[in-house]
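This report covers the ligand site and the pockets of one protein model. The sequence and structure come first, and the notes follow.

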Amino acid sequence: MNKRSLLFERHSVRKFSEKEVPMEDIKEIIKCATSAPSGKNIQNWHFVVVNDKEKIDHIAKLVEERNAEIADEMTDEKAKASFTKFLRFATLFRKAPALILVYGGPYEPTGLNILQDINAPQEEIEALTKPNPAVQNIGAAIQNLMLAATDMGYGTCWMTSPNYAVRKIENYINLGKEGFSLMAMTPLGVPEGEVKFPPRKDIEEVMTVL
Ligand SMILES: Cc1cc2nc3c(=O)[nH]c(=O)nc-3n(C[C@H](O)[C@H](O)[C@H](O)COP(=O)(O)O)c2cc1C
């Protein structure tokens, strides 16, 4: 088996057994996450591990609360029904034995201050900021984390939909790291039941040769 096969083994896991994940495994998984590349090697990530059932449940409740608040303000009944229906995709971590919240800190793209100093066109400034390298660093770390977890027999699911409850979640976590905010989270645990393999677009569709 070649090493690339790991890339195809990882898929989103949304159901977990109750089996606890030992802290040494969690540390190993986070160590793998931190070997990801980052602009100027800034490593602007921070991982919050929650492995207490009640705390995980509380975070799910915060998402439910915010979902209900938002739904209350919605006037389009169809959109409201869809928003509340998809709540389960924002709280699926509830039954997982562990939850990892990934925070990202600031990172200024190389050359940004220079372009600002010379009053470069807005278009050029946007070309540096729009691809958001700070967030790209976090994405690389999350992918590493998920691949490491797969390799160790665990399931994960990259989740950003709970982020609409960001204020409630951040207040509860109370990280206290200046400039850091919640980027994504993933449940972590031994997969239970069937894991789906959603299809991918053909290579021809996503690749251009110049
Ligand atoms: C940035 C990002 C955010 C995602 N957010 C959610 C989410 O909130 N809830 C969820 O169930 N899946 C979420 N997913 C998982 C995607 O639905 C999943 O990766 C995609 O359907 C492909 O399936 P696979 O991961 O099983 O290969 C997210 C994935 C990414 C990369």
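In this predicted model, a side-chain N or O atom of Ser12 sits 2.6 Å from an oxygen atom of the ligand. Ser161 also faces a ligand oxygen atom, with a polar side-chain atom at 2.5 Å. Thr160 contributes through its backbone: a polar atom there is 3.2 Å from a nitrogen atom of the ligand. The protein buries 69% of the 620 Å² that the ligand exposes when taken alone.

The ligand is surrounded by 13 residues, and the closest are His11, Ser12, Arg14, Ser161 and Arg200. Sorted by class, this shell consists of six nonpolar, four polar and three charged residues.

The pockets were computed as well. The largest pocket holds about 570 Å³ of space. It has 20 lining residues, of which Val13, Arg14, Lys15, Phe89 and Leu92 are the closest to the pocket centre. Arg14 is thus named both here and among the residues closest to the ligand.

The second largest pocket holds about 170 Å³. Its lining is made up of Phe16, Ser17, Glu18, Lys53, Asp57, Arg94, Lys95, Ala96 and Pro97.

The table gives the class make-up of the two linings.

| Pocket | Nonpolar | Polar | Charged |
|---|---|---|---|
| Largest pocket | six residues | four residues | 10 residues |
| Second largest pocket | three residues | one residue | five residues |

Among the charged residues in the lining of the second largest pocket are Glu18, Lys53 and Asp57.

Methods
Residues numbered from 1 in each chain as written. Predicted model: local features only at pLDDT ≥ 70, side-chain atom pairs only at ≥ 80, totals over all residues. Heavy atoms only, no water. Near = heavy atom within 4 Å. Polar contact = N/O pair within 3.5 Å; in protein donor to acceptor, adjacent residues only side chain to side chain. Areas by Shrake-Rupley, 256 points an atom, 1.4 Å probe, with all protein chains shown as cover. 1 Å grid on protein atoms, 1.4 Å probe; cavity = no way out; pocket = protein on both sides within 12 Å on 5 of 7 lines; lining within 4 Å. Points joined across faces, edges and corners; volume = space filled by probe spheres on them.
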